[in-house]
Amino acid sequence: MAENDSGIILHQGKDKAVRNRHPWIFSGAVRRAPHFEDGDILPVYSAEGDFLGSGYFNARCSIIGRMLTFDRTPPLQALEASIRRALSRRTPFFDERTTGFRLINGEGDECPGLIADFYAGVLVLQFSTRGMDRLKEFVLGLLGEILSPAAIYEKSNLPSRREEGLSSGESWLRGGPVPSVEILEDGLRFAVDIPDSQKTGFYLDQREMRRMARGLARGRRVLNAFSYTGGFTVAALAGGAVSADSVDLSARAMELCAENCRRNGFPGLGLGFHTADVFEFLRAGPLDYDFVVLDPPAFAKRKGDVMNACRGYKDIHRLVFQKLPPGALVMTFSCSHFVDEPLFRQVVFQAAREANRGVRILQRHRQALDHPVNIYHPESEYLKGFVLAVD
Ligand code: SAH
């Protein structure tokens, strides 16, 4: 039996992406596969028979394979090395003033299908693929040993699991239940309710922009639209904002937003907590604010949603540009992977044009340092944002 009989053989020319260390193999690239169970780890060969590395495979998915290594390192050993590299990559970025961060960012850290976030000693894991789900015990053992977390929560509720043939589920795997965790971000306190939350608990990817908001907020009246649990609200107040309104559809998020303001010593006065639809809020009000944060959810979850998403993005920007007083700042974001920065900028351009206001870009941003984008995998890029000045 030839060596490559037990592995995946790619079509001619389809080895190029893998040779460029792109972790994904699309089903159309596969010329021949041995019999395998979904989630099995297999070696991968070019049409010419060159060994390219190893990955895990799931025949149900259009991304049929995800590479764990591009050389002959045994795959689990390679995964362990990737996990250890991901952890040590973070060490220089954080001190005791920040106790919530992402430890493993899936493909961005060469750990396809695995997210690990750390909330002041509580580890939250997401397994998004069959292949990584099968490695759960291995990952748990390794992270348990390295980090000694007080508790581990699995939050495997990503929609991609369905395509992988997996059910969604969440539970405490070790320790717990932990009712609510308090994390620090740049010395500010935030309550994180891990089971009853969005993402894994907190939008860690916006840390640096909250830091920037804190630096820009002095003396300003702030509107935090799509506030979730008030990350930007608390940051702006810490930076000397004179008032802050927070708006989110989620009543639970708004409850925690008020709680987070209290925890940081910003009680009552000048604070508004609105459980409401941002579109309606922006249409109804006069918008007497000089600093607005717009951080909506991903309006485009699929490629086909892009047109509608852009309409939504344009609507909120036009309303804000029409109504804000001169000199206002707007911090705006899109976390839709399918709306890239040039397109997002085009949407902002059109909204500014329709509102007939002068608008300038003061700063731009991508996801935080603990959400790295692998240079070989541009698909892990999703968050982009601008700080705008309205004339
Ligand atoms: N800026 C936040 C994260 C925002 S996530 C932070 O730093 O933590 C997006 C939020 O938008 C979610 O909390 C979601 O509940 C809310 N949301 C989604 N659609 C909305 C709508 N139409 N109106 C108001 N809030 C909405």
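**Exercise 1.** Why is there no bond between the sulfur of Cys-335 and the closest cysteine sulfur?

*Solution.* Keep in mind that you're looking at a predicted model. Start with the cut-off: a disulfide needs two cysteine sulfur atoms within 2.5 Å. Next, find the partner: the closest cysteine sulfur to that of Cys-335 sits in Cys-310, 13 Å away. That's too far for a bond. Now tally up: the count comes to zero disulfides. Cys-310, then, is in no disulfide, with the sulfur of Cys-335 as its nearest cysteine sulfur.

**Exercise 2.** Sort Cys-310 and Cys-335 into buried, partly exposed or exposed.

*Solution.* You need the cut-offs here: buried is under 20% relative accessible area, exposed is over 50%, and partly exposed lies in between. Cys-310 has 13%, so it's buried. Cys-335 has 21%, so it counts as partly exposed.

**Exercise 3.** Place Cys-310 in its helix, then work out what that helix packs against.

*Solution.* First, the helix: Cys-310 is one of the buried residues of helix 10, along with others including Ala-309, Tyr-313 and Phe-321. Second, its length: helix 10 runs over residues 306–323, and its 18 residues reach 26 Å from first C-alpha to last, close to the expected 26 Å. Third, the neighbours: its buried residues pack against several elements, among them helix 9, helix 11 and strand 18.

**Exercise 4.** Is helix 7 largely enclosed or largely open?

*Solution.* Count first: seven of its eight residues (231–238) are buried, so helix 7 is largely enclosed by the rest of the structure. The buried ones include Gly-231, Phe-232 and Leu-237. After the helix comes Gly-240, with a positive phi near 100°.

Note on methods. Residues numbered from 1 in each chain as written. Predicted model: local features only at pLDDT ≥ 70, side-chain atom pairs only at ≥ 80, totals over all residues. Heavy atoms only, no water. Buried < 20%, exposed > 50% of the residue type's maximum accessible area, 1.4 Å probe, protein only. Helix = DSSP H or I, 4+ residues; strand = E, 2+ residues; numbered from the N terminus. Expected span 1.5 Å × (residues − 1). Contact = heavy atoms within 4.5 Å.
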